[in-house]
Amino acid sequence: MEKGNGVMRIAVTYKDGEVFQHFGHSEQFKLYEQLDDSESVAGIRTKMSLLADNSVNDEVAFQYNMFLAEEAKVLGQTKLAEMYYLKNESYIKNLGDDYRGADRYIYYIKLRDLYLNTKRPDDALKYHRLIKEESQDGR
């Protein structure tokens with residue numbers, strides 16, 4: 001099928017004939033093609049949310065929440081975007097100093113920018129300070 005023809009393609013991790021929730025532990029993907037109707041998209045989104053919420057890998061939920069926040073921001077739904085960003089607060093607090101510290105930095109930048117755009121300077125300043133601390137620590 002050609003790109004852009006109203007068909008949504010989703011690749012999901014696949015193992016032993018079943019959808020497998022551990023993204024980093026699967027060697028196979030199964031490609032699903034679905035006509036782009038709202039009922040199907042809603043069903044797929046629900047399944048993706050369940051996978052992210054029940055994943056043992058917090059980074060999966062972090063990335064999915066960041067995706068949903070960005071999507072809400074593009075649609076002008078800033079309260080919803082904030083909610084999805086803030087769902088990652090516990091993940092951010094538990095990050096060590098390894099490479100995933102970049103997630104912390106990106107998280108702070110996204111919230112700072114959201115608060116700047118919604119004219120909440122005190123909240124924006126809070127995250128700006130965290131960005132500065134993060135860059136000075138060299139994490």
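This note goes through the fold, the helix packing and a few individual residues of a predicted model.

1. Overall make-up. The protein has six helices and three strands. Read from the N terminus, the order of elements is β-β-β-α-α-α-α-α-α. Of the 139 residues in the protein, 29% are buried. Taking contacts between residues at least 6 apart in sequence, 42% of them join residues at least 24 apart.

2. H2 against H3. Helix H2, residues 58-74, packs on H3 with the axes 8 Å apart and an angle of about 170 degrees. Angles over 145 degrees count as roughly antiparallel, and H2 and H3 are therefore roughly antiparallel to each other. Their crossing is left-handed. On the H2 side the contact involves Asn65, Met66, Leu68, Ala69, Glu70, Ala72 and Lys73, and on the H3 side Leu80, Ala81, Tyr84 and Tyr85. Sorted by class, the residues of this contact are eight nonpolar, one polar and two charged.

3. H3 against H5. Helix H3 covers residues 78-86 and helix H5 residues 101-117; their axes come within 11 Å and cross at roughly 160 degrees. That angle makes H3 roughly antiparallel to H5. The crossing of H3 and H5 is left-handed. H3 contributes Thr78, Ala81, Glu82, Tyr85 and Leu86 to the contact, while H5 contributes Tyr107, Lys110, Leu111, Leu114 and Tyr115. The contact of H3 with H5 has seven nonpolar residues, one polar and two charged.

4. H2 against H5. The axes of H2 and H5 come within 12 Å, crossing at roughly 20 degrees. Angles under 35 degrees count as roughly parallel, so H2 and H5 are roughly parallel to each other. The crossing of H2 and H5 is left-handed. The H2 residues in this contact are Glu59, Phe62, Gln63, Met66, Glu70 and Lys73, and those of H5 are Asp103, Ile106, Tyr107, Lys110 and Leu114. By class, the contact of H2 with H5 divides into five nonpolar, one polar and five charged residues.

5. Glu70. This residue lies in helix H2. Glu70 appears in the contact of H2 with H3 and also in the contact of H2 with H5. Setting aside neighbours within four places in sequence, Glu70 touches Tyr85 and Lys110. Tyr85 belongs to the H3 side of the contact with H5, and Lys110 to the H5 side. The C-alpha atoms of Glu70 and Tyr85 are 8.8 Å apart, with the two positions 15 residues apart in sequence numbering. Glu70 is partly exposed, at a relative accessible area of 25%.

6. Ala61. Ala61 is also placed in helix H2. With 17% relative accessibility, Ala61 counts as buried, because the class takes in values under 20%. Apart from neighbours within four places in sequence, Ala61 is in contact with Ala52 and Asn88. Ala61 and Lys87 are 26 residues apart along the chain, and their C-alpha atoms are separated by 9.0 Å.

7. Aromatic residues. The whole structure holds six aromatic pairs. One of them joins Tyr107 and Tyr108, with 5.9 Å from centre to centre and 55 degrees between the planes, a tilted arrangement. Tyr107 is buried at 0% relative accessible area, and Tyr108 is buried at 10%. Together with Tyr115 and Tyr127, Tyr107 and Tyr108 form one aromatic cluster. Two members of this cluster, Tyr107 and Tyr115, are on the H5 side of the contact with H3. Tyr107 is also listed on the H5 side of the contact with H2.

8. Lys119. Lys119 sits in the loop between H5 and helix H6, the latter spanning 121-137. Phi of Lys119 is near 55 degrees, a positive value in a residue other than glycine. At a relative accessibility of 71%, Lys119 counts as exposed.

Note on methods: Residues numbered from 1 in each chain as written. Predicted model: local features only at pLDDT ≥ 70, side-chain atom pairs only at ≥ 80, totals over all residues. Heavy atoms only, no water. Axes fitted to C-alpha atoms, helices over the stretch in contact; angles between N-to-C directions. Helix = DSSP H or I, 4+ residues; strand = E, 2+ residues; numbered from the N terminus. Parallel < 35°, antiparallel > 145°, perpendicular 65-115°, else oblique. Left-handed = near helix turned anticlockwise from the far one by under 90°. Contact = heavy atoms within 4.5 Å. Nonpolar A, V, L, I, M, F, W, Y, C, P; charged D, E, K, R; others polar. Phe/Tyr/Trp six-rings, centres within 6.5 Å; stacked < 30°, edge-to-face > 60°. Buried < 20%, exposed > 50% of the residue type's maximum accessible area, 1.4 Å probe, protein only.
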